[in-house]
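Biologist: Can we go through this one together? I'd like to hear the reasoning behind the labels.

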Amino acid sequence: MSKVEIVDLKANVLEENDVAADKTREHLKNSKTFLLNLMSSPGAGKTTTLLSIIKLLKDEMKIGIMEADIDSDVDAVKIAETGVRSIQLHTGGMCHLDAGMTEQGLASIGMDDLDLVVLENVGNLVCPAEFDTGSVKNTMILSIPEGDDKPLKYPLMFQVADAVIINKIDVAEYFDFDMDKAKAAIEKRHPGIPVFPICAKTGEGVEAYADWLRKEVKEWIG
Ligand SMILES: Nc1nc2c(ncn2[C@@H]2O[C@H](COP(=O)(O)OP(=O)(O)OP(=O)(O)O)[C@@H](O)[C@H]2O)c(=O)[nH]1
Ligand SMILES: [Mg+2]
């Protein structure tokens, strides 16, 4: 038996998604809860980044994490070890979460007494960008080994993001990732978007992203 709660999700009818997403944001506003949707390709470092962020923020706000995956509970178990509330959402084979699925997750985690809920979306650069989850803000993580051309190849993901994290800067010397080129491509897709180069493993650079998130949470919950 798993050490964390596992919720099997049912998909929304697609046309209803935008309406459902706005409703979710209304629920979040009423319960003074901020929902962050964290997206990236598989293995870019979502869970590791969350572990770094939790360390910085857990003494100043009540945090809950919803880990979405097609199967397994490994990420939710890792997060639960930090002491913050954590649940695992299973998408029934789907490569993204929609607003209805997110709402089911929020009901299960019990958002009312939480200030910040983070949804770790399914690892994928295409499908999650197409569905509004009802989140207040979106962050996407691009990792150095994936290459600096990803903003050119997956434009929508960078358009729907409100902040971009560039992770794994510790391995930059082994890859021909051009940071300036990446930043310019991101800026072209989404003018003015903040970009945070970090090493999630050591925590380098994470404070600057945590400052951004802290400010967004305060603005939302008042
Ligand atoms: N060198 C290095 N490795 C990292 C860093 N961040 C994460 N990793 C490693 O990258 C791998 C994947 O990290 P995760 O945090 O599990 O990535 P994820 O995006 O949550 O992966 P999925 O949930 O499977 O999509 C692990 O082996 C991490 O240790 C980093 O900053 N530097
Ligand atoms: Mg993960």
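Modeller: Start with Glu-216, then; this is a predicted model, by the way.

Biologist: Why is Glu-216 called buried?

Modeller: Its relative accessible area is 10%. Buried means under 20%, so Glu-216 gets that label.

Biologist: And what makes Glu-216 and Lys-137 a salt bridge?

Modeller: Look at the gap from N to O: 3.9 Å. The cut-off is 4 Å, so the pair counts. It links distant parts of the chain, with Glu-216 in helix α9 and Lys-137 in strand β6, 79 residues apart.

Biologist: Why does Lys-137 count as partly exposed?

Modeller: Lys-137 has 25% relative accessibility. Partly exposed is what sits between the 20% and 50% limits, so the label fits Lys-137.

Biologist: How many salt bridges does the structure hold?

Modeller: Ten. Some join into a network, made of Glu-60, Glu-207, Asp-211 and Arg-214.

Biologist: Which residues does Arg-25 bridge to?

Modeller: Asp-22, with the closest N and O atoms 2.9 Å apart, and Asp-132, where they are 2.8 Å apart. Both values are within 4 Å, so both pairs count as salt bridges.

Biologist: What ties together parts that are 107 residues apart in sequence?

Modeller: The pair of Arg-25 and Asp-132 does, because Arg-25 lies in helix α1 and Asp-132 in the loop between α5 and β6. Asp-22 and Arg-25, by contrast, both lie in α1, three residues apart, which is about one turn of the helix.

Biologist: Are these residues buried or exposed, or something in between?

Modeller: Arg-25 has a relative accessible area of 19%. That is under 20%, so Arg-25 is buried. Asp-22, at 47%, is partly exposed, and so is Asp-132, at 28%.

Biologist: On to the metal. What makes Thr-47, Asp-75 and Glu-120 donors of the magnesium ion (ligand 2)?

Modeller: Their atoms, OG1 of Thr-47, OD of Asp-75 and OE of Glu-120, lie 2.1 to 2.2 Å from the ion. The limit here is 2.8 Å, so they qualify as donors. Along the chain the donors follow the spacing T-x27-D-x44-E. Thr-47 lies in helix α2 and Asp-75 in helix α3, so this pair ties together parts that are 28 residues apart in sequence.

Biologist: How do you know that Thr-47 and Asp-75 are buried?

Modeller: Thr-47 has a relative accessible area of 9%, and Asp-75 has 11%. Both values are under 20%, so both residues are buried. In α2, other buried residues include Leu-50, Ile-53 and Leu-57.

Biologist: How do you know that the span of α2 agrees with what it should be?

Modeller: At 1.5 Å a residue, the twelve residues of α2 should span 16 Å, and the end C-alpha atoms are 16 Å apart, so the two agree.

Biologist: What makes you say that both faces of β5 are covered?

Modeller: Leu-116, Val-118 and Glu-120 on one side are buried, and so are Val-117 and Leu-119 on the other. That fits a general rule: in a regular strand the side chains alternate between the two faces of the sheet.

Biologist: Why is β5 said to pair with β2 and β3?

Modeller: Two strands pair if there are at least two bridges between them. Strand β2 and β5 have five, in the parallel sense, and five bridges also join β3 to β5, again running parallel. So both pairs pass. In β5, Val-117 is the bridge partner of Leu-35, while Leu-116 is the bridge partner of Ile-63.

Technical notes:
Residues numbered from 1 in each chain as written. Chains lettered and ligands numbered in written order. Predicted model: local features only at pLDDT ≥ 70, side-chain atom pairs only at ≥ 80, totals over all residues. Heavy atoms only, no water. Donors = N, O, S within 2.8 Å, 3.2 Å for Na, K, Ca; no water. Helix = DSSP H or I, 4+ residues; strand = E, 2+ residues; numbered from the N terminus. Buried < 20%, exposed > 50% of the residue type's maximum accessible area, 1.4 Å probe, protein only. Expected span 1.5 Å × (residues − 1). Salt bridge = Lys/Arg side-chain N within 4 Å of Asp/Glu carboxyl O.
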